[in-house]
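The following exercises concern salt bridges and ligand contacts. Please work through each task before reading its solution.

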Amino acid sequence: MKYISTRGQAPKLDFEEVLLTGLAEDGGLYLPETWPQITEEKMKAWAKLSYADLAAEVMEPFVSECIDKKTLTELCHKAYGRFRHEAVTPLKQLDSQVWLQELFQGPTLAFKDCALQMLGLFFEHTLAKKKSSITIIGATSGDTGSAAIEACRDREGIEIFILFPDGKVSDVQRRQMTTVDSPNVHCVAVDGTFDDCQDLVKACFNDHEFRNKISLSAVNSINWARIMAQIVYYFYSALRLGAPEREVQFAVPTGNFGNVFAGYAAQKMGLPISKFLVGSNRNDILTRFFNANDMSIKTVEPSLSPSMDIQISSNFERFLYFCLDENPKALTDAMTAFRKDGKLPLSNAAFTKATECFEGFSLDDEGILAEIARVYTENQELIDPHTAASTAHAKVSGNKQNLTTIVLATAHPAKFSEAVKMASGVTPKLPPHLSHIFSIPENYKLSPNDLSMLQTFVMSEGAATYS
Ligand SMILES: *Cc1c(COP(=O)(O)O)cnc(C)c1O
């Protein structure tokens, strides 16, 4: 399998090159050149597999040029063996049509673990083979940082630096990062906002001399390997709930569009998914788009579901590429206009394609709290403020079609305990493996919002690897 850029101007790469590159040279995102087609017969056989074995089957055609099946299967067992539930992404039935798929059974309690646990192992395997090493510098507003750290800690050939805005992440989120005691993990609290952290990371990538010197790499969701690993849980739940004979639909709490794009990829591979319900919070650009072809940028407003506080969804470009009939020129023009004018110009024909099987929905903070309370009252189930947008969406959209609806639960309620307590009156408990984080020392560096000081720090801490 080779990979092509959405913008059509970057070289075709194989899986390992795509893994280490992240963003394409032409500014586009990498996509597989073709979609592997899974027959009904094969899907029926897959329905019996464990999560880890299914993961190896689903990912094999995407990586087979670079990683053999036996090695891939071992990596899958290693990654998903760390999850707290034997089913890895267990299902809970909420009513006659709606199921919750818990994607938060990994080490850091958010669905990011499902992909990042694999990504860390893919990095380690590939770097050992190439006898090289990388430096990862990432910015986080909360969930991605700890998931990336857990995925990369103690791995050979990787130094990881995570920047977070000082005082602007929750105590649980900060301690999940800063209590990790590994020599290759470096947490930096920046005196600034999340945007300042992101700008520092971008500046590191744009400083080509620095970038090459430290072999800079990315763990955000523009990395194809993350999307690929997320395809697996769509197959897992759909096959257990009656696919391929019966169609299902998915309700997905959405920010950067990476999660729901993985579902679209599963559909392209032949999984019968009739609809994607795209859930948002008060930052409703995707809802305005799917309802009325209005994708225009407004300012980001903080909400109770911070991982969805986004105006520009970086993975939307991958979806748009298909709405524009896989035409890289049309895609490049549309993205350039979007960046310049803050509004995406899209023809009726392309918009019709986009809405064929996608539907938007958003909930403001008040709606989120009411929904958490509703689900608790009706099901005695605590859900987090991100998942709430999608359970509400499933309620209004799912039942009228009498379809099996799977709501992806993207975070453990204890990660957002204040909002959950406010809504339900109950404080969700942290799983036992995290209860110690409030009693052990934290280790992080305070840094001004200054590029050259950050670069000096990275060089001094990463010196062991690059001397
Ligand atoms: C990252 C995240 C999301 C958004 O996922 P995308 O792939 O960016 O759309 C939703 N919920 C939670 C809890 C997250 O951490």
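**Exercise 1: salt bridges of one helix**

Asp-171 and Arg-174 are three residues apart, about one turn, and both belong to helix 7 (residues 171–178); helices are DSSP runs of H or I with at least four residues, numbered from the N terminus. The model is predicted: local features require pLDDT of at least 70, side-chain atom pairs pLDDT 80 or more, while totals for chains, interfaces and linings use all residues. Residues are numbered from 1 along each chain as its sequence is written, and side-chain values use heavy atoms, without hydrogens and water.

Task: determine how far apart the closest N and O atoms of Asp-171 and Arg-174 are, and classify the accessibility of Arg-174.

Solution.
1. A salt bridge places a side-chain nitrogen of Lys or Arg within 4 Å of a carboxyl oxygen of Asp or Glu.
2. The closest N and O atoms of Asp-171 and Arg-174 are 3.3 Å apart, and the two form a salt bridge.
3. Buried means under 20% relative accessible area, exposed over 50%, and partly exposed in between (1.4 Å probe, protein chains only).
4. Arg-174 is buried because its relative accessibility is 16%, whereas Asp-171, at 45%, is partly exposed.

**Exercise 2: a distant pair**

Task: state where the salt-bridge partners Arg-175 and Glu-442 lie.

Solution.
1. The side chains of Arg-175 and Glu-442 meet at 3.5 Å, N to O.
2. Arg-175 lies in helix 7 and Glu-442 in the loop between helix 18 (417–424) and strand 13 (445–448), so the bridge ties together parts 267 residues apart in sequence.
3. Arg-175 is buried at 15%; Glu-442 is partly exposed at 27%.

How values were computed:
Helix = DSSP H or I, 4+ residues; strand = E, 2+ residues; numbered from the N terminus.
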